[in-house]
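Work through the exercises below with the sequence and the 3D view open. Try each task before you read its solution.

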Amino acid sequence: MKKLKKNILRAAFVLCALFALLLGYGAYTVSVNSNRWFSSTLNVYARQKRQDVIPGRILDRSGVVLASSDGEGERVYPDDEALRRATVHAVGSSAFNMKSSAEYFYAAYLYGSRLSFPERLGYALKGEKYKGDDVVLTIDSALNAYAASLFPQDKKGAAVVMNYRTGEVLCLLSFPNFDPRNTSAAPSGASINRVTQSLMAPGSTFKIVTYASVLENMTDYQSRTFICGGQLQAGNRIITDAGTDLEAGKITQHGALTLREAFLKSCNNTFAQIALELGDAALRRTAESFGFNDNFLFRDLVVENSRYPTSNRTDGEIAWTGAGQSALAVSPLHMCMVASSIANDGTMMEPWMILEARTASGGTRASFSARQYRRPLNAAQAAVLKDAMRGVVTGGTGTAANLSGVKVCGKTGSAEIDGQEQTNAWFLGFLDEPASPYALAVVVEDAGGGGSVSAPIARQIFSWLLSHGY
Amino acid sequence: MAKNASRRRDPARGMMAASMVFFFVGFLLLAAHDGEWQSFLLALIVPLIIFGGTALLPRLFPADKLLLSLTNFLCALGVLMLYRISPQRGLNQAVNYGVGVGCMVLCAFLIRYVRSWKALTILMVGGSLVLLALPLLIGTEQNGAKNWIWIGSYSLQPSEIVKLALLLCVSFLLSQKKALLSILFGGACLALLMLQKDLGTALLYFGLCLVMLYVSTGSLLLVGAGLAGGAGAAVMGYQMFAHVKARLAIWQDPWQYTQGAGLQLVRSFVAIANGGLWGVGLGLGNAGNTTRAGGIPEAYNDFIYPVILHEFGLIFGAVVILMYLFIVIRAIMIARRSTSVFHALVSVGCAGLITLQTFVIIAGNIKLIPLTGVTLPFISYGGTSMVSSLCLIGFLQGVASRNKAGVDQDRALAMHGGGAP
């Protein structure tokens, strides 16, 4: 009987643990996910409630009103059409389900769900509609408008600028865009936010990750030279470099290279060899340390998860992966985070877009601050990559991004996409200046080489930032 | 003097008074909303049932009042939520509640007065196997599992009743040191449930047997072997049944299946997020409204807990979970005070069943584990479920009353100086 009672106690411990697990997991999942759940397009309840609320305003970081409401609760946008178009993907429009826009993601604030009981009572007693909270974004609307003016007409693409020390997103552009005042004229696909929602091949910008994997796994890389013979047979695939045209008999060859030189020239051949030598598992581990295959659960910003293939792969696929092709899929924002982690001495910050929420009477409802996402590199490794990325801009494929007087670092990419005439032009870069900690990613789709198309846009954005006190 | 002091401090009375007021106001709110006379009626009747179930019942036999008041609160909460979801179901559930309280008293008497369980056990073992085989022969399939039978216009889930028999039989067999027989019986029940494809209930039976085996034998080896067997069965179930595969896929990412079976989980998340800490208010939400947009399918059954979170909020939801926890802790206390192995095992079994069932369904609701269709004890809609949950409380009351009787006897003897206290 005594033993029985002891056993009962032990069993009771397990039963109580189950309850603790329920409460613990419940608290966890709600705190992590509830904003995501609330902003779901399936939230019929919130949509019905909007009729009783005058939505709060959406402001940029310097107080420019990007969206407000009239007395009926209808949205009012600023008079400048260029400004409206340049901020539409950050602000959102109620005409579309733009799930990573402020209009959706901060709906809980904008549409009055965070009102306290006394506030509700006050509105009810006065017989007024609820007034939602104002939301202040980290976005700089002037930067958005300027960057949008740099973008080539009629091209699809994306641009994002973030502070790599804090993760604040300053600029978020997606093309094609549309005018929120005239949503019926929006071209198809215009509501997609390419910065966060569009997954594409990173092309040569992924060589940053391959390089990082070398730093992690290959101890003797500094004493090694790699031979680029122009063509590399890997399994059933042939790795070639930009400029190669086999039918015309033209082959780009880089000859003998160090790793850094190969990075500066963005040599596919070398990075394919490296990928094969590292092996798929090691390369994937590094990619995953940068956030590939992770379920992004950021506080705000719904970001599509990046993919590094996990199934069994042929040598040809692995080789191309080292050079950033072959089933890799990543959003421009995530690549901007990759560049940011190099700039920020190996620490990747969580991207965020809401500075604070204010009550209708001007008080602070909630304010937010920087948060670390992960730490893919140590400071020494980050310094090696930083130096290599500086080399790309001073004497490699990215010289068009260079500015005199400041240290611009970067990496170009020209990603081949099936069914497209030209490559997607990528440029990742950052200012290696303590006073101006900004990183960016620019992608222009179907436009050509990253060095010639996107790097100049990046240079102008950097120069704008420096001349506007950033 | 001493009696008055103890009465004032009795937490069960405070709890009862509070829940009577809570439900009186709750139904009045619903009445203000819909203006139906049934709502006003329930505003009076439900507090009365609570009063009867908590304050009057203990006059029939020495009952555990705290356990009664907790149980009554949860049952009444079920009636309130169901009435809010669909008045017809709420009224039905009020009847189920009344019948359940009656069955609870019967079960309490059963445990209190039956001295020899041998004949009954043989009867129950036979009856259980027949009952579990019935749905396979004449049952109907619901949500992939074939576990219901219809008698006239009444439907019955035999596994809910057999659950009670299993608890009593295994307790008895184990108290007689017949572990092998109890394993055989439990195994046979599990096999029949697997054939019905009712994996949620199979999980409950399995957990129950495991807890009781451990408590009576103290053998971790046995538990380990059981767990290994269970894992094997789970893998087999996954390979054999398409609906298990589908459920697992939905569990991994319900957002991919919002056009189909993942919708209820996603709707439940959205409902929880809308509710926030304090809820949207009783009768003001949409999650329970199965016919309107945004409602959760099966809101009255598997997904009643998210509806509670939606309208009453997360804090209240946590309190509901704590109430289940207190019921379980109370059951453990009863088990530890009991004077015979059989009664101790019955009480532990009740604690185990209530815990497992609450855990399996709420964890399924919040995507901690894959969803399996078991009911939330005391709250989910359904006569069989309500009756079987209240029967468990009846068993506990029976054991508690015997414990108390033992203590009273001792005290009487001690007062007369007849024996050691």
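**Exercise 1: an unusual phi in chain B**

Task: Is B:Phe378 buried or exposed?

Solution. Count C-beta atoms. B:Phe378 has 29 others within 10 Å, so it is buried. The rule: a residue is buried if 20 or more other C-beta atoms lie within 10 Å of its own, exposed if 12 or fewer, and partly exposed in between, with C-beta atoms placed from the backbone. Next, find its place. B:Phe378 sits in the loop between helix H15 (341-365) and helix H16 (383-415) of chain B. Helices (H or I, at least four residues) and strands (E, at least two) are DSSP runs, numbered from the N terminus. Now read the backbone angle. Phi of B:Phe378 is positive, about 70 degrees, although the residue is not a glycine. Most residues other than glycine have a negative phi, and most peptide bonds are trans.

A note on the model: it is predicted, so local features need pLDDT of at least 70 and side-chain atom pairs count only at pLDDT 80 or more, while totals for chains, interfaces and linings use all residues. Residues are numbered from 1 along each chain as its sequence is written, and chains are lettered from A and ligands numbered from 1 in the order in which they are written.

**Exercise 2: two spots in chain A**

Task: Where does A:Ser266 lie? Which residues does the cis peptide bond join?

Solution. Start with A:Ser266. It is in the loop between helix H10 (259-264) and helix H11 (268-278) of chain A. Its phi is positive, near 55 degrees, and it is not a glycine. A:Ser266 counts as buried because it has 28 C-beta neighbours inside 10 Å. Then take the peptide bond. A:Phe175 and A:Pro176 are joined in cis, with omega about 0 degrees. A:Pro176 belongs to the loop between strand E8 (169-175) and helix H8 (194-197) of chain A.

**Exercise 3: the sheet**

Task: What is the order of the six strands in the open sheet of chain A?

Solution. The order is E4-E3-E2-E6-E14-E15, with mixed pairing. Two strands pair if DSSP finds at least two bridges between them. Check the edges: strand E4 (75-76) and strand E15 (364-367) of chain A each pair on one side only. Then look inside the order. Strands E6 (residues 134-137) and E14 (residues 354-358) of chain A pair antiparallel over four bridges. A:Val135 has A:Ala357 in E14(A) as its bridge partner.

**Exercise 4: the contact between chains**

Task: How many residues does each chain give to the contact?

Solution. Chain A gives 29 residues and chain B gives 39 residues. Residues are in contact if their C-beta atoms, placed from the backbone, lie within 7 Å. On the chain A side, the largest share, 21 residues, comes from H1(A).

Technical notes: Contact = placed C-beta atoms within 7 Å.
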